[in-house]
Amino acid sequence: MKRASNLRLLAGVILLGLAWTGWAADRKLVIVAGKPSHPPLMHEFNAGCILLHKRLQGVPGLEVRLHLNGWPADAKAFDGADAVFLYMDGGGGHPAIQPENLKLLGDLAKRGVGLGCAHFAVEVPADRGGAEFKEWIGGHYEHLYSCNPIFDAEFKSFPEHPITRGVRAFTIKDEWYFNMRFRPDMARITPILVTVPSDDVRDGPYVYPQGPYPHIVAAKGREEIMMWAVERADGGRGFGFTGGHFHVNWAHDDFRKVVLNSLLWLAKVEVPDHGFDSAKVTDEELLENLDPKGGPKPTLRSAADRDDTHACCEPLVLPREMLAWLGMPY
Ligand SMILES: [Zn+2]
């Protein structure tokens with residue numbers, strides 16, 4: 001009898017140990033930065049991801065793996081992932097919709113892995129990845145249905161959600177996308193960043209194609225969603241963040257906080273009540289790790305100048321055909 005009860009005790013201790021280990025295991029976030037594209041200080045996926053990765057170091061219960069310069073060559077990069085964040089060029093060349101990668105992401109989603117996409121990475125062709133993106137992150141940018149003007153978006157209030165914790169009202173210029181192709185009835189989607197674009201914004205020009213689109217103009221006065229989050233039926237989470245064109249925006253504390261909060265939430269790591277506070281981004285840091293794009297070394301104007309107008313980064317709006325002609329990805 002004594003031996004049997006000792007064995008039971010031992011089994012109990014082992015089970016408890018396993019349960020504790022499972023509970024305590026770090027959540028793994030895989031960040032993938034796309035290949036260089038666009039003129040300097042725009043679409044700086046590598047520098048942007050390095051900056052975010054640096055700030056997520058030491059978060060209790062979170063392990064972050066960073067992959068630079070495009071989709072990891074070895075699919076093992078995604079082993080054990082609890083969440084995947086993609087900040088890269090999308091559209092028809094989106095690495096995520098290449099058949100083997102689409103399958104890989106589908107397999108991850110089936111086991112509840114989160115997927116977050118920023119800026120161009122939210123765009124996929126409707127008939128190639130559209131259905132999957134609606135399922136995984138709630139929606140996607142659809143060419144000629146969505147639009148991509150550059151404007152100062154004013155975010156005055158936020159819904160009650162872990163991603164908005166500690167985020168103060170802010171206004172910032174970016175190439176904000178809106179009128180996404182969302183799931184029917186916005187099922188399980190929470191709009192996170194919402195603003196009413198001015199009539200001028202709707203009238204265009206958009207970055208590409210310049211527009212304006214009649215259906216965008218006809219919706220004057222309507223609120224539009226620049227960032228959203230979804231809780232999938234499979235237990236996984238997803239989000240789309242449409243900003244991220246201008247690298248200097250990472251220096252804005254609230255802009256950065258809403259993205260860092262979303263990365264914690266995506267990986268199911270508790271977001272602090274006051275949101276994730278991270279180190280300020282200095283001008284020096286903004287000029288670190290930039291992709292080699294030729295031409296003179298980029299510089300920043302004074303911080304005041306930048307906060308006022310983001311004048312250092314007035315967009316060089318080039319049609320995609322011209323970017324293609326120049327041999328630049330777009
Ligand atoms: Zn852009």
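This is a short walk through one predicted model, starting at a strand and ending at some unusual spots in the backbone.

Let us begin with strand β1, which covers residues 27–33. Is this strand mostly covered or mostly open? It is mostly covered, since five of its seven residues are buried. If you are tracing side chains here, a general point helps: in a regular strand they alternate between the two faces of the sheet.

Now look at the neighbours of β1. One of them is strand β2, residues 62–67, and the two strands run parallel, joined over six bridges. To find this pairing in the structure, start from V32, whose bridge partner in β2 is H67. Between the two strands, the chain passes through helix α2, residues 45–55, and β1, α2 and β2 together form a right-handed β-α-β unit.

Strand β1 also pairs with strand β3, residues 83–87. This pairing is parallel too, and it is made over five bridges. Here a good landmark is A33, which has Y87 as its bridge partner in β3. So far, then, β1 has given us a parallel partner in β2 and another in β3.

Next, let us turn to the loops and look at the backbone itself. Follow the chain to H119, in the loop between β4 (114–118) and α4 (130–137). This residue is not a glycine, yet its phi is positive, at about 55°. Is H119 buried or exposed? It counts as buried because 29 other C-beta atoms lie within 10 Å, and the cut-off for a buried residue is 20 or more.

A second residue of this kind is K268, which has a positive phi of about 60° and is not a glycine either. You will find K268 in the loop between α7 (253–266) and α8 (283–286). Its surroundings place it in the middle class: K268 has 18 C-beta neighbours inside 10 Å, so it counts as partly exposed, a class that lies between the limits of 12 or fewer for exposed and 20 or more for buried.

Our last stop is the loop between α5 (199–203) and α6 (214–217), where P205 sits. The peptide bond that joins G204 and P205 is cis, with omega at about 5°. Continue along the chain to P209, which is also found in the loop between α5 and α6. What is the form of the peptide bond from Y208 to P209? That bond is cis as well, and its omega is near -25°.

Conventions. Residues numbered from 1 in each chain as written. Predicted model: local features only at pLDDT ≥ 70, side-chain atom pairs only at ≥ 80, totals over all residues. Helix = DSSP H or I, 4+ residues; strand = E, 2+ residues; numbered from the N terminus. Pairing = 2+ DSSP bridges. Right-handed = clockwise from strand over helix to strand, strands pointing away.
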